[in-house]
Amino acid sequence: MDRKLALVTGASAGIGAAFARILASHGYDVALTARRIERLDALAEEVRLRYGVETLTVAADLAEPEAPGHVLDHLTAHGRTADVLINNAGYGLPGTYSETLWTDQAAFLQVMVTAPCELAHRVLGGMRERRFGRIVNVASLAGLIPGAAGHTLYAASKALLVKFSQSLHLEVAGDGVHVTALCPGFTYTEFHDVNGTRELASSSTPAWLWLGADEVAAAGYEAVEANRAVCVPGAPSKTIAALAKAIPDDWALALMASQGGRFRKT
Ligand SMILES: NC(=O)c1ccc[n+]([C@@H]2O[C@H](COP(=O)([O-])OP(=O)(O)OC[C@H]3O[C@@H](n4cnc5c(N)ncnc54)[C@H](OP(=O)(O)O)[C@@H]3O)[C@@H](O)[C@H]2O)c1
């Protein structure tokens, strides 16, 4: 098999589907995973016909601890290994921490933190041996600014992905493996419909703050090719990330206290 294979999690919608199209357009075969298999199969057929690449689809719920192993076993069973890993699957869990169920928070951590870390751990050895690899951890601008009230572990989980990506980026420097944390701000996908904040977010934020999923995925692809550790797509989000670094932490937190209610549900 001459072509390299890209594994994309959360490929049934939004940024993940956009990544799958971009990777296929650059000649990668794609392995697509998410829970909604019919969407994965439709996207697989689309990119197969359009770009002439090979595709694999595998249904998996990343909240289940055995899912990362199951997904990679599926690739092995087809004689393939992941040369590119896009850790993208994710969602938001609205609410005040003490009023949510621990089972929901534990599932959230499994999807947002443990699964991407495990997938990276499982594919990295092979990437280093072959001296080629690309890993994009889709984090968020939320991981670069203070946490807000509500969706309590979201910013924390994304901050972990940023630090994890930076450490990994340094560990594999010189091995032909590039690691990037992609930190988008507001992006037009199904994300805000799934967590019930569509109306809140779109009525309280200006349109110029938002990017399309294609622009975000394209920025992530360019950044990982260029081996940049962190990528914040779009000038408005870049400015917010820079401001959050430049001002004292307690000012940034005070700003979040006054603005967070515009896009987070407690
Ligand atoms: N949209 C934004 O404003 C924004 C901003 C910054 C960062 N992000 C991050 O971008 C990533 C992609 O989100 P998106 O905006 O593209 O949202 P989206 O359109 O809702 O897509 C989310 C994807 O994640 C998958 N997913 C969710 N839970 C899963 C689970 N338990 N197991 C397996 N797959 C699961 C979904 O597939 P199934 O439902 O089919 O399983 C879907 O393919 C997320 O990590 C999100 O945190 C989004």
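Ala, Val, Leu, Ile, Met, Phe, Trp, Tyr, Cys and Pro count here as nonpolar, Asp, Glu, Lys and Arg as charged, and the others, Gly among them, as polar. On that division, the shell around the ligand in this predicted model is made up of 17 nonpolar, ten polar and five charged residues. The points below take up the ligand and its surroundings, and then the packing of two helix pairs.

**Shell around the ligand**

- The ligand is surrounded by 32 residues, and the closest of these are Ser12, Arg35, Arg36, Tyr154 and Thr189.
- Three helices, H1 (14-25), H5 (152-171) and H6 (191-194), each contribute at least two residues to the shell around the ligand, and H6 provides the largest share, with three residues.

**Backbone contacts and burial of the ligand**

- A polar backbone atom of Gly10 lies 3.0 Å from an oxygen atom of the ligand, and a backbone N or O atom of Glu190 is likewise 3.0 Å from an oxygen atom of the ligand.
- For Phe191, the distance from a backbone N or O atom to an oxygen atom of the ligand is 3.3 Å.
- The ligand would expose 890 Å² if taken alone, and the protein buries 96% of that area.

**Helix packing**

- Helix H3 (residues 67-77) packs with helix H4 (residues 102-130) at an angle of about 40°, and their axes are 9 Å apart.
- Because angles that are neither under 35 degrees, nor over 145, nor from 65 to 115 count as oblique, H3 and H4 are oblique to each other, and their crossing is right-handed.
- Helix H1, which also supplies residues to the shell around the ligand, crosses helix H8 (residues 213-225) at roughly 55°, with the two axes coming within 8 Å.
- H1 and H8 are therefore oblique to each other, and the crossing of H1 and H8 is right-handed.

Definitions and conventions. Residues numbered from 1 in each chain as written. Predicted model: local features only at pLDDT ≥ 70, side-chain atom pairs only at ≥ 80, totals over all residues. Heavy atoms only, no water. Near = heavy atom within 4 Å. Polar contact = N/O pair within 3.5 Å; in protein donor to acceptor, adjacent residues only side chain to side chain. Areas by Shrake-Rupley, 256 points an atom, 1.4 Å probe, with all protein chains shown as cover. Helix = DSSP H or I, 4+ residues; strand = E, 2+ residues; numbered from the N terminus. Axes fitted to C-alpha atoms, helices over the stretch in contact; angles between N-to-C directions. Left-handed = near helix turned anticlockwise from the far one by under 90°.
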